[in-house]
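Me: I would like to go through this structure with you, one short question at a time. Please keep the answers plain.

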Amino acid sequence: MTAKLRSSLLAPALAIAFSALLCAIALLASGANPAEALGVMIGHVGKGQVAVDIVNSTAIYMLAALAAAIGFQMNLLNIGIEGQYRIGALVAAIVGSALVLPPVLHWLVILVVASLAGALWALLPAILKVTRGVHEVLSTIMLNAVAFGLAAYLIRRDMFGILIGNNVSTEPIPESGRVQGIDFGDRGTVFGLVFLAVAVAAVYGVVMQRTRFGFELKASGESPTAAAAGGVNAKKMIVVSLLVSGGVAGLVGMPEILGRDHAYTLNFAAGYGFAGLGIALLGRNHPVGIAFGSLLWAFLEKAKVALDNVGVPREIATIMQGSIVLSVVVAYEIVKRMDLAAEQRRVGRALGTAEPVEAEVGGDRK
Amino acid sequence: MTTADARPGSSVVTMPAPPRRRKLPGWAIFMIGVVAAVGVLATTSYLTGRPALTSSLTMQNTVTLGVPILLAGLGGIWAERSGMINIGLEGMMVLGTWGAAWGGLHGGPWVAVLSGAIFGALGGLLHAIATVTFGVNHIVSGVAINLLGAGVTKYLAMLIFEPLSQNPRDSPPIEQFATFSAQPLGDWLADLENEQRAVISDVAGLLGGLVTRVSPMLIITILLVVGTYLVLWRSRFGLRLRSCGENPIAAESLGVNVYFHKYVAVVMSGALAGIGGAALVLGSSPSIYSEGQTANRGFIGLAAMIFGNWRPGGTLAGATLFGYADGLRLSAGPGTVHALLYAAVISAGLLVIWQLWRRKWRTAMLAAVGAVVVYGLYYASDELPTQFLPYTPHIITLVVLALAAQRLRPPAANGVPYRRGEGD
C-alpha cells in the first residue's frame, strides 16, 4: 500500500518540479524573475472578480476533462470535444429559447438537449470507427472544423440568429430556463452549474470504480483481447463510450450559457476541448486529479494577465500548460518503469531464496 | 484495367487459393487516376458552365495550398513508416511557420525554409525523446506537442514580432521567392485556355497553372517526394527504417538499431512538417506568419497520408485533392464549389459502372444511392452556404476516409510501444 501511495504521489511531484524548472528557464530567458512572476500571479487572484472567474472556469474545464477521460479510459482519443460542446451549446440555446416550460424543468430539459446534441455529434465518428475502421482522431478533428462551419451557418440571421447590439446571437433563453448563480457582489457570481460539474465528476468516479460498465470500459481499454475473451463486445463499448463522452462534452458550454450569456453568441468561447484533453492527462483520468488539474489550468489561464505587469508576455502561460502536461506523462512513464523494475527485483529475490515463495509474494500484497 | 478476367483456368479448381492477379504498376494506376480526375473535372466544367473549375488560377492555388499539406503528409510517412504515430505534426508545422518568418526576416526565403525545417525538427526531437526514450503513448505526446507548439509560437511571436509589426498575431512581411514561368509554353497554354474549347482548354488551364508563376517551393517539394521514395523504398537505410515500423523486434534481432532509426524518422518528420509551415508562410500574400495560420493542415496532411496508403505517390494525390478543394474556394465563388457536387455525382456514376463490371452488386447499389442523393442536393440548391466553404477539405477528408479506410494497410507495428531487448 505504501509503495502504491508513493508511486501515485511521486509522479505528480516529479512532474510539477520538472515543469516548474522548465517554466523558470523560460521566464529567466525572457528576463523576468520567476519568483516575482509567480508572486504577481498569485497576488492577482485577490483582485476583482478573478477568484470567482477561476472557480467558474474550473467547473467548465472539469466537464471537458471528464468527457476526455471517459474516452481515455477506453484508449479512445476524443479530440472532438471541441466540436461536440459547440454543437451542444448551439442546439441547446436554440431549443431552450423556443420552449415554454416552468422553471427548473426548463433548464433541466435544456441540459438534456445539450447532452443529446453533443452525443449525436460524437455518433458519426463512432459509426465510422466501428463500421469503416476510421481512426477517431482524424474523424473528430475534421468534425471539429465542420462544427465551426455549421455553427456559423446556423447563427446566420436568416437561420436562427438575431442582432443584439453589435453581436449576432440566438434568441435569448427566457428567465425560466436560466440557472441562478451564487452572488458575491463586486466579486462576481459563481455559476449555479458549478455543482453540475461536481455531480458529473462524482457520478464518473462511482461508475468507474463501482459498476460493471466502468470495469468493462477500463478492461477494454487496458486489453481489448482479454476483454473480448471475457465477453465484452468491443464495438458496443466503443460506440457507448464515445456517445457518453460526447454527451458530457455537450454540457461544457452550459455553465456559461445558462448562467451568464443566456444565448449562443458569435464569440462563444473556443478551446475548452483541447484544454480538457490536457487536464485529463494531468489528472490521470481520476476525478479528484481532474478537479485539481482544472483548478491549476484555470489559475494559469486567469492569472496570466498579471504577467504583463512584470514585462512577460502572458502567452507563457500556454507554454506552462503544455510543459506541465508533457512532464506529467513522461513522469508517470518513468515511475511506472521504476515500479516495474522494483517488482521484478523483488520477485527475483523471492525466487532466488529457497524459502516458500508463494506465501511471501502473496502476503506482501495485503 | 484489362487484367480483371486474366485468371487462367479458373474452372479447374485444383488450387484452394488462386494466385492474386497481377496488379498494375503504381505509376500506371497514378496516371489512370490523373486522367480520370481531369476527365471528370472537364466534363463537369463543360456541363455546368463553370470554367473556374479548371482554370490556371485554380491550379496555382491548388499548388500553393496543396504543398504544405503534402509536406505534412510526407512527414507523416517518415514517422509512421518507422512505427511512430505523429499527431504532433500540426504543432511542428506551427513551429515551422514561426521559424520561417523569423529566418526570412534575417536572410530571405531560403533561410526561411531552412529555419522552418529546424524549428519543426526541434518539435520532432521532443516527440522522439518522449515516445522513443520514455515510452510515452504516441498520441498523448502528440497532443501535448500540439499544445506546446501553439504556446511557444504565440509566446515567441509576442516577444519577437510584436515590436516589429505592432501586432502580436502577425509577423512583418518577409521576402518571397522569385517565381518563374516556363515561357513560351505558359503563354501558349493561356491562349489555349482562353479559347474555351471543351476538354482541351481544361487540360491547358490545369497544365498552365503548373508551369506559370512556379515557386521554387514546388520544386523543393517535388524533390522531397521523390527523395522520400528513393530513401525509404530504394535504400538500405530505408529498408531498415521501415522494418522498425513493421516488426521492430525482428529488426532488432537482425542488428538494426531501432531507436536510432526511429529518432531519425521522427526528427525528419518534424523537419518536413516545419518546411510545410515555411511553405504556408511563403505562399500567403503578403508572406507573413499569422496566428492560427495552419488551420489544421497538419491533420489534413495526416489524412492525405492515410488516403495515400502510407506511400508518397498516394499522398501526393491526396494532397492534390485537398489542395484543390481549398484552392477552388479561393479562386472561385460558392457557385463553383457547388459544382463539385456535380463532379461527385459523375465520380459516383463511374464507380457504379466499375463495380457492376466487377460484379460487386452491393457496393454498386450503395454508390448508386449515393449518386442519387448527391444529385438531389445539387439539384435542390444553387450554391453552398459560404460558412461551409472553408471546411470543404475537411468534409472531403471525412468522405474519403469513410470510403477508403478499409482497403488500406498501415505499417504493422504503427503506434506499438517498443523497448529495446524486451522481445521474446
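Me: Which residue just after H6(B) takes a positive phi?
Reply: This is a predicted model. In it, B:Arg213 follows just after H6(B) and has a positive phi of about 50°.

Me: And how many residues does helix H6 of chain B have?
Reply: Helix H6 of chain B covers residues 200-211, which is 12 residues. From first C-alpha to last, the helix reaches 16 Å, close to the 16 Å expected at 1.5 Å a residue.

Me: Which residues of H6(B) are buried?
Reply: The buried residues are B:Ser201, B:Asp202, B:Ala204, B:Gly205, B:Leu206, B:Gly208 and B:Gly209.

Me: What do the buried residues of H6(B) pack against?
Reply: They pack against three helices of chain B: helix H1 (26-48), helix H2 (56-81) and helix H5 (185-194).

Me: Let us change to chain A. Where is A:Gly214?
Reply: A:Gly214 lies in helix H8 of chain A, which runs over residues 212-222.

Me: Why does A:Gly214 count as partly exposed?
Reply: A:Gly214 counts as partly exposed because it has 17 C-beta neighbours inside 10 Å. A buried residue would need 20 or more, and an exposed one would have 12 or fewer.

Me: Which residues does A:Gly214 touch, leaving out those up to four places away in sequence?
Reply: A:Gly214 touches A:Val207, A:Met208 and A:Gln209. These three residues belong to H7(A), and they take part in its contact with H8(A).

Me: At what angle do the axes of H7(A) and H8(A) cross?
Reply: The axes of helix H7 (residues 194-210) and H8(A) cross at roughly 75° and come within 5 Å. H7(A) is therefore roughly perpendicular to H8(A). On the H8(A) side, the contact is made by A:Phe213, A:Gly214 and A:Lys218. By class, the contact of the two helices has three nonpolar, two polar and one charged residues.

Me: How far is A:Gly214 from A:Ile70 in space?
Reply: The two are 9.5 Å apart, C-alpha to C-alpha, although 144 residues apart in sequence.

Me: One more topic, the two chains together. How many residues are in contact between chain B and chain A?
Reply: The contact involves 37 residues of chain B and 35 residues of chain A. On the side of chain B that touches chain A, helix H4 (138-165), helix H11 (297-307) and helix H15 (392-404) each supply at least two residues. H4(B) gives the largest share, 14 residues.

Me: What is that side of chain B like by class?
Reply: The side of chain B that touches chain A has 28 nonpolar, eight polar and one charged residues.

Note on methods
Residues numbered from 1 in each chain as written. Chains lettered and ligands numbered in written order. Predicted model: local features only at pLDDT ≥ 70, side-chain atom pairs only at ≥ 80, totals over all residues. Helix = DSSP H or I, 4+ residues; strand = E, 2+ residues; numbered from the N terminus. Contact = placed C-beta atoms within 7 Å. Nonpolar A, V, L, I, M, F, W, Y, C, P; charged D, E, K, R; others polar. Axes fitted to C-alpha atoms, helices over the stretch in contact; angles between N-to-C directions. Parallel < 35°, antiparallel > 145°, perpendicular 65-115°, else oblique. Expected span 1.5 Å × (residues − 1).
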